[in-house]
Amino acid sequence: MSSSLVETVDIKAPVAVTWALWSDVTQWPKFLSHVRRVDPMDERRFSWQLSLPGAEKSFVAELTEVVPQERIAWKTIEGVHHAGVVTFHRLDDASSRIALQIEYDPKGFVEHVGALTNLDSTLANYDLGEFKKLAETTAAGEDPRGL
């Protein structure tokens, strides 16, 4: 059984800022609460380490499509089945919309409960909220660490 989610967030930051943050894998642990590490293996492959409620996961994902300032798509090639796409939409010169779509195969009790209760959507919304804060702080020229 496969599960999927689609979530969006509007951000007071231009697409150039949101793209720059999301396309830099070193930024992901700052806004993806379950991501502990992402290590580039080469230009297209990344090793992920996740910490989810009740489970530690690792997998290797491969970029399947990169269109600068428009979309980033990926799929796993080792480990759990997971695929997704993030699209970047210009609302005006100073704001953008990010859409996140993920498809995955829940494994184990905790992941099945998360899929059935929409906990996965709640987590995605939380993470998009964290990304929004980071992007808006960056666009405003402030230090995202509050320094």
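Of the 147 residues in this protein, 39% count as buried. The model is a predicted one, and its accessible surface adds up to about 8100 Å². Carbon and sulfur atoms make up 52% of that surface.

As for the fold, the chain holds four helices and seven strands. Walking along the sequence, the order reads β-α-α-β-β-β-β-β-β-α-α. Long-range pairing also shows up in the contact count: among contacts with a separation of 6 or more, 46% join residues 24 or more positions apart.

One such long-range pair is worth a closer look. Leucine 123 sits in helix H4, which spans residues 119–139, while histidine 34 lies in the loop between helix H2 (28–31) and strand E2 (35–40). The two are 89 residues apart in sequence, yet their C-alpha atoms are 8.6 Å apart in space. Leucine 123 touches His34, along with Ser33 and Leu52, once residues up to four places away in sequence are set aside.

Seen from the loop side, histidine 34 has its own set of partners beyond four places in sequence: Gln49, Leu50, Ser51, Leu52, Leu123 and Asp127. Leu52 thus turns up in the list for leucine 123 and in the list for histidine 34.

The pair falls into two accessibility classes. Histidine 34 counts as buried because its relative accessibility is 18%, and the cut-off for buried is under 20%. Leucine 123 comes out at 26%, so this residue is classed as partly exposed.

Terms used:
Residues are numbered from 1 along each chain as its sequence is written. This is a predicted model: local features need pLDDT of at least 70, side-chain atom pairs count only at pLDDT 80 or more; totals for chains, interfaces and linings use all residues. Side-chain values use heavy atoms; hydrogens and water are left out. Helices (H or I, at least four residues) and strands (E, at least two) are DSSP runs, numbered from the N terminus. Buried means under 20% relative accessible area, exposed over 50%, partly exposed in between (1.4 Å probe, protein chains only). Contact means heavy atoms within 4.5 Å. Accessible areas come from the Shrake-Rupley method with a 1.4 Å probe; for residues, only the protein chains shown count as cover.
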